[in-house]
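Me: Hi! I have a structure open and would like to talk through its aromatic pairs, a helix and a pocket. Could you start with the wording you use for exposure?

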Amino acid sequence: MNGRRWRRIAGQLGRSVTVWAVSTVTMLALAGILPDFQLQSPDGSSATDIAVTAAFGAGAFGLLSALVWPLLVRLLLLVPALVLGLLVFFLNGALLLVALRLNPAAHGAAGPETAVVVAAVMSAVASATGAALAVRDDDAYRRRLYRLADRRRRTVPPCPSGHGTVFLQLDGVGHDVLETAAGKGVMPTVARWLGDGEGPGSHRLTRWRTDWSSQTGASQLGILHGSNYDIPAFRWYEKDSREVMVCNRPSSAAELQRRAVEHTGDGGLLTLDGASRGNLFSGGADEQALVLSIAVRRRSRETRSRSGYFAYFSDPANAVRTAMSFVADVGREIGESVRARVHKVRPRVSRGGLYPFVRAFATVVERDVVVAAVIGDMLAGRTAVYADLVAYDEVAHHSGPHSRDAEKVLARLDRSLALIEKAAEHAPRPYRIVVLSDHGQSPGETFRARYGLTLADLVRAGCGLPVPRKAQRTHSGAEARNTVRAAMGRPVEEGAEQHRPARRSEPIVLASGNLGLVSFPDVGHRMSREEIDARHPALLSTLANHPGVGFLLVSSEEHPDGLVLGTRGAEIPLHRLDEEPGPLAPFGPGAADAVRRTHSFPHTADIMVNSSLDPADGEVLAFEEQIGSHGGLGGAQSEAFLLSPTALTAPVADGAELVGAEDVHRVLRRWLRESDGPQIPLDDSRPAGHGSTPFPVPDGVVQDKSA
């Protein structure tokens, strides 16, 4: 026997003993409550004798229920259903009386009516305990899956020919993080796929480089809809509409999807017989659940974004399993947070308040719902499925991308991959599983933790605007104020009165990881470097010379193609960046192209601010409260991965690079064609997919997991 089989046997024995113990306690409690139920002899028994009688009775009742009950059911198959329903209670009570009589000490006794009540309560408690313990039972889940697959085959309409394709996005998992986790055995499923040579399950791992805006909104829009044009960051201010766009806001997501469809002229990657699960955007799929871009539309109950949750939790078994795992993960997060404080781990951010519950929602609830939906899609035979699993990204933001906590999340995600692979074996058509990420994460402490002020404080100081007293007392804040006064010809004194321009000229400062955006809302166009200098003479030099800032991107009247500013007066026109990278040099190949592309967007901010990068360890300084961040340039955040079956053509030719989410979209489209998948049309008309509901969670399929 191998170790895995021994562990399975030990787990089964452990569950049986636990159910037995709970049933014993239940029997003792009922003996204390019900006057006609006795576990002692008429002349009295010791506490030990009573406990032994309860344990023997509970064990005997459990064995009789497991061995005799199936035979009784077979004998009663011809009994009308109503009569059988009544007989169940009496037969169960009879089994309890038999169990008590089997006790050699003959201490237990109960009246017939009481036996019926005791047997019903004990059966309910034993069933609930067994169901709760089955959360971790791989074999129980697989047996359930086999039964569901057999039933689905009899009810699902015939599938289109060819392979189906499942795209699983592991949000925020960088190329090197995945490779390291597979090498260390943290992700054995991924390791097996990579080490399978030319076998049927073999995969190849390809690195791809994100755009400057290395975040889910830009990457997923490009992957699913073929265009992320004019997505400068995760959040940005649009002067024409006077609105702040945020990629994970439903109204913004809907608008961004509309623009992408208009820009490309087609509905998206999943237009024909596709399903979109847990994503920001639909990809043109007719079957959608937990898709943010449809959350603002008035849709039928079956197709609204949150219908996935309602469908999943309509099965009580799913609710019990997920609720238990949710509570366990909340406790896990509290424990890890306390451990980090006790050991004075650095860097560290606050993880209190509601965060443990937010994290558990991402790592448990959303994972369970999305994985169950994907399994349902495969059993329904859908042609293309794209799903996003956000667990790692959420944890890495607060625990760090290389933390022990994040590593545990990767292990649980790997189990999800194994479950989906197993489900594919029972689907009505063969499936190819493609795993990819939308970006990585770069470690590092926050800008505020390092310098004692936020980017907004620094911008305000550079503009001569009032800043919080705490920021005033920092070295960076004092230096910025002194620069302003020198530029304005005022004395550099602590007590000097601050310049207070009209409120309408106050800038809007937004953060997207280690990328900051500064916009002046009272100016209707993108301001040039010359205009900014005329209004705030010290602002650009204050930002460019700050040690926490890597470089700035601004428009320029003198250099129409744009200008990169760096420390010590560095000014590099965009067309010269290839020959003279200047402040972009630490950010590696591709940085210049990414900056030039972003400069061409209509809604690029007046000032784009990228934090500094430590090339030695790849650390950046997040302008948000995150110790694992993404959204700008620098480090592993720009290095995503694409894990594809070797049965598909290589993503790129040998020696070539895969750059940008739009290139990834083109690769995925090609693979769908190779699999005889949907040929994406230029209009948004699409036939209905298999089944009548957008989120089939067949008979309560739930993934097994180590919670």
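Reply: Happy to! Buried means under 20% relative accessible area, exposed means over 50%, and partly exposed is what lies in between. Please keep in mind that this is a predicted model.

Me: Great. So is Phe357 buried, partly exposed or exposed?

Reply: Phe357 has a relative accessible area of 43%, so it is partly exposed, being neither under 20% nor over 50%.

Me: And which ring does Phe357 pair with?

Reply: Phe357 forms an aromatic pair with Phe326. The pair is tilted, with 6.3 Å centre to centre and 35° between the planes. Phe326 sits in helix α12 (residues 316-342) and Phe357 in helix α13 (residues 355-379), so the pair ties together parts that are 31 residues apart in sequence.

Me: How accessible is Phe326?

Reply: Phe326 has 21% relative accessibility, which counts as partly exposed.

Me: How many aromatic pairs does the structure hold?

Reply: There are 7 aromatic pairs. One of them is formed by Tyr229 and Phe601, and that pair is edge-to-face, at 5.2 Å centre to centre and 80° between the planes.

Me: Where do those two sit along the chain?

Reply: In distant parts of the chain, 372 residues apart. Tyr229 is in the loop between α9 (216-225) and β5 (235-238), while Phe601 is in the loop between α22 (591-599) and β17 (607-611). Tyr229 is partly exposed at 37% relative accessible area, whereas Phe601 is buried at 4%.

Me: Which residues do ring pairs link into a cluster?

Reply: Trp212, Phe551 and Phe587 are linked that way.

Me: Back to α13, then. How many residues does it have, and how far does it reach?

Reply: α13 has 25 residues and reaches 35 Å from its first C-alpha to its last, close to the 36 Å expected at 1.5 Å a residue.

Me: Where does α13 bend?

Reply: The bend in α13 is at Phe361, and its angle is about 35°.

Me: Is α13 mostly covered or mostly open?

Reply: Mostly covered, with 22 of its 25 residues buried. After the helix comes Gly381, which has a positive phi, near 80°.

Me: What about the loop that leads from α12 to α13? I'm curious about the backbone there.

Reply: Two residues of the loop between α12 and α13 come up here. Pro347 is in that loop, and a cis peptide bond joins Arg346 to Pro347, with omega about -5°. Lys344 is in the loop between α12 and α13 too, and its phi is positive, about 50°, although it is not a glycine. Lys344 is exposed, with a relative accessible area of 64%.

Me: What is the phi of Leu290, and where is that residue?

Reply: Leu290 has a phi near 60°, a positive value in a residue other than glycine. Leu290 is in the loop between β8 (287-289) and α11 (307-313). With a relative accessible area of 10%, Leu290 is buried.

Me: Changing topic: what volume does the largest pocket have?

Reply: The largest pocket has a volume of about 910 Å³. Its lining consists of 31 residues, and Phe234, Asn248, Leu280, Val390 and Glu394 lie nearest its centre.

Me: Which elements give two or more residues to that lining?

Reply: Those are α13 and α14 (391-399).

Me: And how does the lining divide by residue type?

Reply: The lining of the largest pocket has 11 nonpolar, 12 polar and 8 charged residues.

Notes:
Residues are numbered from 1 along each chain as its sequence is written. This is a predicted model: local features need pLDDT of at least 70, side-chain atom pairs count only at pLDDT 80 or more; totals for chains, interfaces and linings use all residues. Side-chain values use heavy atoms; hydrogens and water are left out. Rings of Phe, Tyr and Trp (its six-membered ring) pair if their centres lie within 6.5 Å; planes under 30 degrees apart count as stacked, over 60 as edge-to-face and the rest as tilted. Helices (H or I, at least four residues) and strands (E, at least two) are DSSP runs, numbered from the N terminus. Buried means under 20% relative accessible area, exposed over 50%, partly exposed in between (1.4 Å probe, protein chains only). On a 1 Å grid over the protein atoms alone, a cavity is a set of points where a 1.4 Å probe fits but cannot get out, and a pocket is an open set with protein on both sides within 12 Å along at least five of seven lines; lining residues have an atom within 4 Å of a point. Grid points are joined across faces, edges and corners, and a volume is the space filled by probe spheres set on the points. Ala, Val, Leu, Ile, Met, Phe, Trp, Tyr, Cys and Pro count as nonpolar, Asp, Glu, Lys and Arg as charged, and the others, Gly among them, as polar. The expected span of a helix is 1.5 Å times one less than its number of residues. The bend at a residue is the angle between axes fitted to the seven residues ending there and the seven starting there.
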